[in-house]
2 protein chains.
Amino acid sequence: MASSTRFATSLRRISFGPRTSQRVQRCRPIIQVRWTTSASTEPHQPDAKGNLGGNAAPAKTIKFTSETYPELQRNSKFAKLTQEHVEFFQNLLGSESAVLDGLTKDASEDIEPFNSDWMRKYRGHAKLVLKPQSTEEVSKILKYCNDNLLAVVPQGGNTGLVGGSVPVFDEIVINLQKMNQIRSFDEVSGVLVADAGVILEVADNFLAEKNYIFPLDLGAKGSCHIGGNVSTNAGGLRLLRYGSLHGNVLGVEAVLPDGTIVDDLSKLRKNNTGYDLKHLFIGGEGTIGIITAISILTPQRSPAVNVAYFGLESYEHVQKAYRAAKEQLSEILSAFELMDGRTQKIVNKVKGQKMPLEGDYPFYCLIETSGSNTDHDSEKLQTFLENVMEKEIVQDGVLAQDQTQIQELWSCREGITECLGHWGGVYKYDLSIPIANMYDIVNDVRDRLTEAGLLGDDDSFPVVDVVGYGHMGDSNVHLNIPVRKMDKAVEKKLEPYIYQWVQKQNGSISAEHGLGLAKKAYIGYSRNDTMVKLMKQIKNLYDPNGIMNPYKYI
Amino acid sequence: MASSTRFATSLRRISFGPRTSQRVQRCRPIIQVRWTTSASTEPHQPDAKGNLGGNAAPAKTIKFTSETYPELQRNSKFAKLTQEHVEFFQNLLGSESAVLDGLTKDASEDIEPFNSDWMRKYRGHAKLVLKPQSTEEVSKILKYCNDNLLAVVPQGGNTGLVGGSVPVFDEIVINLQKMNQIRSFDEVSGVLVADAGVILEVADNFLAEKNYIFPLDLGAKGSCHIGGNVSTNAGGLRLLRYGSLHGNVLGVEAVLPDGTIVDDLSKLRKNNTGYDLKHLFIGGEGTIGIITAISILTPQRSPAVNVAYFGLESYEHVQKAYRAAKEQLSEILSAFELMDGRTQKIVNKVKGQKMPLEGDYPFYCLIETSGSNTDHDSEKLQTFLENVMEKEIVQDGVLAQDQTQIQELWSCREGITECLGHWGGVYKYDLSIPIANMYDIVNDVRDRLTEAGLLGDDDSFPVVDVVGYGHMGDSNVHLNIPVRKMDKAVEKKLEPYIYQWVQKQNGSISAEHGLGLAKKAYIGYSRNDTMVKLMKQIKNLYDPNGIMNPYKYI
């Protein structure tokens with residue numbers, strides 16, 4: 001951070017004490033702020049090359065998933081790829097859109113990037129990648145695969161965190177990157193209809209020109225596809241303000257395994273004519289069909305954005321601050337992010353970045369407002385600041401004065417993921433827990449590892465620290481355990497303990513990252529047997545042959 | 001309206017012309033405004049007695065549905081009620097909660113009100129009404145009914161408009177009125193968990209004390225149950241601001257026909273662990289199970305509310321005004337209601353109520369803002385007014401100065417339903433149509449009836465007028481045809497013409513009222529064959545015996 005010195009001096013510190021209210025600084029107008037790709041919801045951070053070919057060479061060094069999980073066996077009912085199959089697909093799509101491993105001289109067409117994920121944790125054995133250009137092509141592909149018992153993996157930008165978008169064995173990859181057209185946009189209603197393969201940032205840039213915003217934002221926006229976002233019910237940075245995709249997606253077009261095209265691409269906010277089946281595809285992770293297009297309601301873009309950063313003396317105080325922010329910032333509150341003191345010390349230590357506040361606090365939070373009127377928003381924020389300071393809910397704070405400072409404050413939150421990896425590895429858990437008890441799990445896990453003699457300052461201890469941060473507004477905590485080395489003894493202390501802890505709180509073991517391969521075995525901790533049984537019913541109803549994204553989800 | 005004279009003189013007229021901006025009036029602060037039960041989204045207006053016994057005596061004069069629809073035949077596979085069945089239910093629930101027709105001396109326990117709807121259009125032949133007090137009782141009831149092939153009708157406040165909540169033949173009514181407890185409320189997260197039988201207004205009053213608001217409001221709030229609201233995916237007045245129930249409902253508890261209790265009562269905003277099955281119950285109209293409790297995210301209540309009323313010279317101008325309101329009022333816009341000039345003339349003529357504006361305009365709109373800061377909201381509204389006046393988007397307008405005036409302006413919108421019934425009958429259509437073409441259907445139908453010689457000023461014509469109004473912000477128009485008498489010749493000109501028209505626009509034949517019995521036959525105009533087939537699959541999966549709310553939905 002080149003600006004670390006300037007950062008500390010130029011940020012307006014909010015004054016504290018009885019005479020506070022007169023001395024609170026009014027923030028300068030900030031116009032047309034938009035997060036760049038560096039803004040990320042933890043830990044959605046692919047390597048941001050924006051295309052799948054980016055990590056082609058190193059992909060071959062990633063361990064195969066089938067080796068990491070030797071208990072997984074290829075389902076023998078699936079057919080193996082034959083020359084006849086390949087010919088069918090090449091006749092249908094052309095050889096440039098039906099890419100067979102090793103059969104092309106163009107290295108950029110190496111299919112390895114389609115076989116492995118950006119975290120380098122999962123790698124499959126696919127030999128064939130298909131890149132359909134129309135819904136009809138997707139339909140013909142799936143019908144053929146279903147008839148011939150060829151397993152498939154639907155793939156968007158391949159930016160997932162749970163291994164859901166890459167093959168395990170020799171499943172055929174169906175990548176939607178060539179279905180990337182915006183189909184329509186209604187400037188009065190704000191309804192966007194677009195192909196599944198449109199990159200999120202492309203969609204958002206398109207909308208920015210119309211003064212609208214995509215109601216979803218996440219770190220991988222430069223690579224991820226909107227179809228993948230809907231398939232995984234992505235959460236991200238704008239959920240507190242704009243709500244979930246279940247509320248914003250108005251329609252989907254999808255293809256079922258038998259080739260049936262589900263045309264449910266409604267542009268209507270209201271349509272009470274029967275079961276709303278699109279919700280099965282939202283978050284369905286490509287296990288019952290492939291989403292080929294979506295229709296989504298997009299909100300107006302906010303011209304005014306403000307960001308404040310606070311130090312607080314307890315989690316109780318963070319809860320009070322959140323309640324006050326909801327009450328007083330109300331319709332303009334767009335983010336309320338929690339970071340414990342340990343994460344901020346780590347960012348400071350690893351990056352050498354001077355922290356926005358002097359002194360140590362056990363908790364910090366970042367509050368963002370987005371509204372249509374800069375002066376009004378600043379005034380609301382000021383009133384809020386006076387209130388939380390007078391009531392001693394927050395102990396210290398700063399307010400960004402311009403776009404650079406906004407990004408600098410966000411970097412205290414966004415930099416955490418990268419810095420935690422400094423010592424070697426990180427055990428990461430993405431949890432939803434009712435807000436009152438949300439931080440308790442961090443303390444409990446820290447105590448547990450300390451008592452077990454696994455956590456300490458010198459290199460003889462595997463565990464460096466146990467930290468928590470996340471989207472307070474969404475009741476979503478990222479429990480992270482940075483370690484000097486991955487260690488079976490540590491793992492045994494973490495699992496199933498953490499999952500059991502979350503289960504007791506009726507929480508979620510995967511708040512926004514989905515199940516994929518990584519969480520498949522643990523669904524029972526967040527869903528009861530009845531729910532799992534009902535889900536399997538749905539899977540069997542739509543995909544009786546089980547060809548869609550096998551070995552994953554449920 | 002006793003206040004009609006005062007109304008006209010005390011409302012601040014917004015001045016027009018080049019010097020407008022200086023002369024726009026600032027509205028006075030309005031604090032803690034909340035809609036009363038008289039505020040209604042058309043035409044959700046039950047008789048507001050708040051209990052089902054209210055219309056007990058007249059119910060017996062309503063024509064049986066089986067006579068109105070002679071083509072409907074009782075499904076002979078369903079068992080007829082026997083003494084043994086009755087004993088089972090009375091042993092389970094007690095005789096006061098298993099009420100058999102004619103077997104009670106207390107007239108208020110007459111079951112006729114459970115057999116017929118508030119519009120007096122539908123009446124069934126049920127002999128038994130069950131009022132379970134717990135989810136376990138609902139489970140035992142349904143299991144027994146399923147095992148014995150006894151058909152049932154789930155019923156909440158019985159305020160629906162499409163005959164969905166009353167029996168057709170001798171289905172057993174399962175009314176949720178005794179499951180009426182608020183289970184929990186989290187003051188930090190705003191998550192409310194409550195029994196299905198809680199009355200909407202009770203829930204909203206409970207939340208008001210906590211400074212929260214139920215994210216749904218409609219005219220029947222004094223009678224309707226929140227479980228019924230979720231079962232029918234009710235839209236109502238707050239949808240523009242807070243979105244649909246699919247976005248706000250976090251979890252449901254429901255009982256399947258075989259007695260399985262689906263415990264999906266999550267309090268989490270984020271939980272990406274498998275298919276989100278609760279959405280099948282939202283808008284499922286009790287055809288695959290009975291919702292017994294819901295968990296819902298509630299927003300902060302807005303202390304400041306402003307209302308303006310405009311005259312506009314064309315539907316093009318209304319669209320421009322809507323676009324400007326979205327851009328400039330943005331986060332505080334909470335309603336944008338459309339009324340054509342004909343509706344306002346009718347309100348004027350029937351009620352003798354002086355209209356807020358002098359002069360005739362072909363279109364009027366009512367704009368409401370709700371926010372956390374009165375001054376800010378007034379200023380935003382003022383800027384918006386200057387803008388739409390300077391650009392001549394609106395031709396004239398007034399701004400309410402206090403709570404009374406707010407209600408008076410709303411009465412210009414809310415009074416339409418009642419006034420349209422003045423001549424005898426009304427053909428009513430609740431349509432979603434893409435906003436650009438939304439009003440065209442009103443003109444087309446008016447032309448069609450005029451050309452057919454059915455519309456005219458004197459009593460020899462059956463049709464009085466063709467009018468349109470509705471929720472512009474939701475792309476939801478209420479097409480209403482007030483008539484001097486219901487007439488087969490008129491009906492033949494209306495249907496299937498209107499449904500075909502809506503189908504061509506990819507609209508919805510039932511925006512917010514659902515299918516029930518009334519729209520069952522017309523689903524094909526809003527859903528293609530594939531969707532209907534997939535819906536039937538879901539129905540068969542969950543309710544293979546078809547005992548849940550038969551003869552309706554799909």
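**Exercise 1.** Does Ser526(A) count as buried or exposed, and at what relative accessibility?

*Solution.* Start with the ground rules: this is a predicted model, where local features need pLDDT of at least 70, side-chain atom pairs count only at pLDDT 80 or more, and totals for chains, interfaces and linings use all residues. Residues are numbered from 1 along each chain as its sequence is written, chains are lettered from A and ligands numbered from 1 in the order in which they are written, and side-chain values use heavy atoms, leaving out hydrogens and water.

Step 1: buried means under 20% relative accessible area, exposed over 50%, partly exposed in between (1.4 Å probe, protein chains only).
Step 2: Ser526(A) has 15% relative accessibility, so Ser526(A) is buried.

**Exercise 2.** Find what Ser526(A) touches.

*Solution.* Step 1: a contact means heavy atoms within 4.5 Å.
Step 2: leaving aside residues up to four places away in sequence, Ser526(A) touches Gly507(A), Ser508(A) and Ile509(A), plus Asn271(B) and Thr273(B).
Step 3: zoom in on Ile509(A), whose backbone nitrogen sits 2.7 Å from a polar atom of the Ser526(A) side chain.

**Exercise 3.** Work out how chain B maps onto chain A.

*Solution.* Step 1: superpose the copies by least squares on the C-alpha atoms of residues with pLDDT of at least 70 in both.
Step 2: chain B lands on chain A after a rotation of 180 degrees with 0.0 Å of shift along the axis (RMSD 0.1 Å).
Step 3: the two copies are therefore related as by a two-fold rotation axis.
Step 4: look along chain B for the C-alpha nearest that axis, and you'll land on Gly247(B), 1.9 Å from it.

Notes:
Polar contact = N/O pair within 3.5 Å; in protein donor to acceptor, adjacent residues only side chain to side chain.
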